[in-house]
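Hi,

Here is the structure I said I'd send over. Have a look at it first, and then read on for my notes on what turned up.

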Amino acid sequence: MEKSDGQAAGVAEETFTTQADAETWLGENWRGLRDEGIDQVKLLDGEKAVYGPMSLHDPE
């Protein structure tokens with residue numbers, strides 16, 4: 001979880017056993033993360049990026 005400049009946001013990272021679990025959690029929690037000042041997230045499989053960074057803000 002990062003600020004828009006790519007700096008870590010200083011919150012604990014979440015760990016999931018499956019990609020589906022991670023995507024479900026993000027779908028349920030992205031607004032709260034944004035409200036806490038998180039600008040973007042990445043989905044990782046170990047060190048490998050699955051996708052991201054993905055903005056938590058509305059498209060402009």
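F16 is partly exposed, at 30% relative accessibility, because partly exposed covers the range between the under-20% cut-off for buried and the over-50% cut-off for exposed. W25 falls in that class too, with a relative accessible area of 22%. One thing to keep in mind from here on: this is a predicted model.

Those two residues belong together in another way. The structure holds one aromatic pair, and F16 and W25 form it. Their ring centres are 5.7 Å apart and the planes make an angle of 45°, so the pair counts as tilted, a class that lies between stacked (under 30 degrees) and edge-to-face (over 60).

Now the overall layout. The protein chain has one helix and two strands, and along the sequence they come in the order α-β-β. Of the 60 residues, 17% are buried. The accessible surface is about 4,600 Å², and carbon and sulfur atoms account for 45% of that area. If you take the contacts between residues at least 6 apart in sequence, 39% of them link residues at least 24 apart.

The helix, α1, runs over residues 19–35. From first C-alpha to last, its 17 residues reach 24 Å, close to the 24 Å expected at 1.5 Å a residue. Even so, α1 has a kink of about 60°, centred on N29. Do look at that spot on your screen.

Which residues of α1 are buried? A22, L26 and L33 are, and the buried residues of the helix pack against β1 and β2. In a helix of this kind there are 3.6 residues a turn, so residues three or four places apart point the same way.

G32 also sits in α1. Is G32 buried or partly exposed? With a relative accessible area of 34%, G32 is partly exposed, because that value lies between the 20% and 50% cut-offs. G32 and L56 are 24 residues apart in sequence, and their C-alpha atoms are 9.9 Å apart in space. Just after the helix, G37 takes a positive phi of about 100°.

On to the strands. β1 covers residues 40–45 and β2 covers residues 48–55. They pair in the antiparallel sense, over five bridges. As one example of who faces whom, L44 has A49 in β2 as its bridge partner. The hairpin has two residues between the strands, and there G46 takes a positive phi near 70°.

There is one more thing to check in β2. P53 is in that strand, and the peptide bond that joins G52 and P53 is cis, with omega at about 5°.

That's what I have for now. Shout if you'd like to go through any of it together.

Cheers

Terms used. Residues are numbered from 1 along each chain as its sequence is written. This is a predicted model: local features need pLDDT of at least 70, side-chain atom pairs count only at pLDDT 80 or more; totals for chains, interfaces and linings use all residues. Side-chain values use heavy atoms; hydrogens and water are left out. Two strands pair if DSSP finds at least two bridges between them. Helices (H or I, at least four residues) and strands (E, at least two) are DSSP runs, numbered from the N terminus. The expected span of a helix is 1.5 Å times one less than its number of residues. The bend at a residue is the angle between axes fitted to the seven residues ending there and the seven starting there. Buried means under 20% relative accessible area, exposed over 50%, partly exposed in between (1.4 Å probe, protein chains only). Contact means heavy atoms within 4.5 Å. Accessible areas come from the Shrake-Rupley method with a 1.4 Å probe; for residues, only the protein chains shown count as cover. Rings of Phe, Tyr and Trp (its six-membered ring) pair if their centres lie within 6.5 Å; planes under 30 degrees apart count as stacked, over 60 as edge-to-face and the rest as tilted.
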